[in-house]
Amino acid sequence: MNPPTNPQRTPEGTPVNPRHRTPRLVGSLLLLATTAISCAGTAEDGGKGGSPAAAVPALGRVIPAPASVEPGGSAFRLDAGTPLRVDGSRAARDVAGYLAGVLRPSTGYRLPVTGAAGDDGIRLVLSDGERELGAEGYRLESSQRAVTITARKAAGLFHGVQTLRQLLPAAVERDSEQRGPWTVPGGTVEDTPRYAYRGAMLDVARHFFTVEEVKRYIDQLALYKLNKLHLHLSDDQGWRLAIDSWPRLTGVGGAIEVGGGEGGFWTKAQYRELVEYAASRHLEVVPEIDMPGHTGAALSAYAKLNCDGKALDPYTGIEVGLTSLCVPKEVTYDFVDDVIRELAELTPGPVIHIGGDEAHVTPHDEYAAFMDRAQAVVGKYGKRVMAWHQLAGARPVDGAIIQYWGYDKTKDAEREGVADAARAGAKVVLSPADRSYLDMKYTEETELGLKWAGLVEVRRSYDWDPAAYLEGLPEDAVLGVEAPLWTETLGTTEELDVMAFPRLPGIAELGWSPRATHDWDTYKHRLVAQAPRWDALGIRYHRSPQVPWPKG
């Protein structure tokens, strides 16, 4: 999970949707999009008329690639008289309100949200009859008179809105009024995700990030249809969530961070605010309290959690595998019970992550015994267990989710253990460190990040198939993918940006899009089209030489 900075400490869903019926058409459209981009150029002038960017983009030129695209008919044009029409549901109205919040600042249009019937404007329709769209799928139909987004559930409407955003000129993302035209190409997109779990993890333990900074990251994840936010809340260097029954966790453990900064923590109210904000973007929060290792912040706060009864000194370095809760002590399980109970009360989502990685100083028999009891506590409070893949070497409970973070040098026995656990019924989320870890350096010259798993350029991050990645892993055991962002070297939102972008959208595509659409040569050109959007959103990004970025 984390960097083996000491060379002596080297670390060891839903099935594919059968309705992805037009991958050949999608591939052809993406090739057409590539040609269009190459011919027209991608320079932005803020969306003003007359620039190449003002031309209607290809219907399939979005990320993640849609499952089915059928272009045709006249383009839709958003103007001062456009209404946002919804049915009578509160869910549709909420999504429309979100969309209006995106579009109003840049267009300057009123864009009223109305329940009045009509065949014009932007129409958001929830229909329980659209069972083939599932919980997250949508259909977007664009014509000269209207853009209609239909879904069975609110999450599908929301994902359809993200596609609509990308079909509009990039200047629509700016927070000040811009010149149009605001056009959407004609045709139909029908789209459902490949995997149920499409996540990103943010480490707030090594460096602390405020509620507003995490909200900013949530908005970035939502644009690419990710649906899980995994928050790494505790580690050796910091404890970031208030626990009433153990107040020194934040009073002492929350006061530090890597490099000796002042750290910080979230109150319970602030954590609830984040959970609610993520839910408004249709992301489910998966909180993680790492144990029995990576517990230095807790061990510095409470001496009784140490086997020798002495509190550890606060730790601000980045070595791993140095700490462990005292497995034989009963107070350890009082601690685990209290923390999981309070965390479960705060977290409406069904999953709690209990870490379990790099417990190098915990004897294996003690590790297995600890994980047995910790998993039982999670179940006691009505949650499903998730843990890093070392859990496969212990005794995963029924229904456990194993998060695989290995890389090229991971021992075969560890890989086989994960496959064995999956064959026994565990589900697996894939986060291979040499593919999906967003904190890995792009090249030797990259200033930020680490390189213990290797250098991870944009193509390497994108060019793999989750279904075939781990030998022996049953395809139906793959729950999805996740892109972790560890923060040993990252302390600002600008630094998060440059490491996440442009790799994050690629991981999102691997989780959402049909396998048949995964093609680097077309993907890199769709990635180019995202650059003006990131500029408009104020997102810094790494200008990888593997991608033909717009000039300037």
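Q: Why are helix α6 (residues 268–280) and helix α8 (residues 330–346) called oblique, and at what angle do they pack?
A: The two helices pack at about 45°, with axes 10 Å apart. Angles under 35 degrees count as roughly parallel, over 145 as roughly antiparallel, 65 to 115 as roughly perpendicular, and the rest as oblique. About 45° falls in none of the named ranges, so α6 and α8 are oblique to each other. Axes here are lines fitted to C-alpha atoms, for helices over the stretch in contact, and angles run from 0 to 180 degrees between N-to-C directions.

Q: What kind of model is this, and what rules apply to its values?
A: The model is predicted: local features need pLDDT of at least 70, side-chain atom pairs count only at pLDDT 80 or more, and totals for chains, interfaces and linings use all residues. Residues are numbered from 1 along each chain as its sequence is written, and side-chain values use heavy atoms, without hydrogens and water.

Q: Which residues make the contact between α6 and α8?
A: Lys268, Tyr271, Arg272 and Val275 come from α6. Glu342, Leu343 and Leu346 come from α8. Contact means heavy atoms within 4.5 Å. By class there are four nonpolar, no polar and three charged residues. The nonpolar class is Ala, Val, Leu, Ile, Met, Phe, Trp, Tyr, Cys and Pro; Asp, Glu, Lys and Arg are charged; the others, Gly among them, are polar.

Q: What makes β10 and β11 a pair?
A: Two strands pair if DSSP finds at least two bridges between them. Strand β10 (residues 197–203) and strand β11 (residues 228–232) are joined by five bridges, so they pair. They run parallel. Met201 stands opposite His230 in β11. Strands (E, at least two residues) and helices (H or I, at least four) are DSSP runs, numbered from the N terminus.

Q: In what order do the strands of the barrel close?
A: Eight strands close it in the order β10-β11-β14-β15-β16-β17-β18-β19, with parallel pairing. The twist averages 25° from one strand to the next.

Q: How do α8 and α9 run against the strands they touch?
A: α8 touches β14 and β15 (351–355), and its direction makes about 170° with that of β14. Helix α9 (residues 364–380) lies across β14, β15 and β16 (384–388), at about 160° to β15. Set against the antiparallel limit, α8 is therefore roughly antiparallel to β14, and so is α9 to β15.

Q: What is the strand order of the open sheet, and why do β1 and β4 count as edges?
A: The seven strands run β1-β9-β6-β7-β5-β3-β4, with mixed pairing. β1 (68–71) and β4 (113–114) each have a single partner strand, so one side of each lacks a neighbour in the sheet.

Q: How do you know which strands β5 pairs with?
A: Six bridges join β5 (residues 121–126) to β7 (residues 146–151). Three bridges join β3 to β5. Both counts meet the pairing cut-off, so both are pairs. Each pair runs parallel. Arg123 has Thr148 of β7 as a bridge partner, and Arg85 stands opposite Arg123.

Q: Which strands does α2 lie across?
A: α2 lies across β3 (84–86), β4 and β5, at about 150° to β5. That angle is over the antiparallel limit, so α2 is roughly antiparallel to β5.

Q: What makes a space a pocket rather than a cavity?
A: On a 1 Å grid over the protein atoms alone, a cavity is a set of points where a 1.4 Å probe fits but cannot get out. A pocket is an open set with protein on both sides within 12 Å along at least five of seven lines. Lining residues have an atom within 4 Å of a point. The largest pocket has a volume of about 490 Å³. Of its 17 lining residues, the closest to its centre are Val102, Arg165, Glu173, Asp219 and Leu537. α2 (90–107), α4 (211–223) and α15 (520–537) each supply at least two. The lining holds eight nonpolar, two polar and seven charged residues.

Q: Which helix gives the most to the lining of the second largest cavity?
A: α4 does, with four residues. Lining residues include Glu213, Arg216, Tyr217 and Gln220, as well as Thr493, Leu496 and Asp497. The space is about 40 Å³.

Q: Where are the cis peptide bonds to Pro292 and Pro502 placed?
A: The Met291 to Pro292 bond has omega near 0°, and Pro292 lies in the loop between β14 (284–291) and α7 (296–301). The Phe501 to Pro502 bond has omega of about 20°, and Pro502 lies in the loop between α13 and α14 (503–512).

Terms used:
Points joined across faces, edges and corners; volume = space filled by probe spheres on them.
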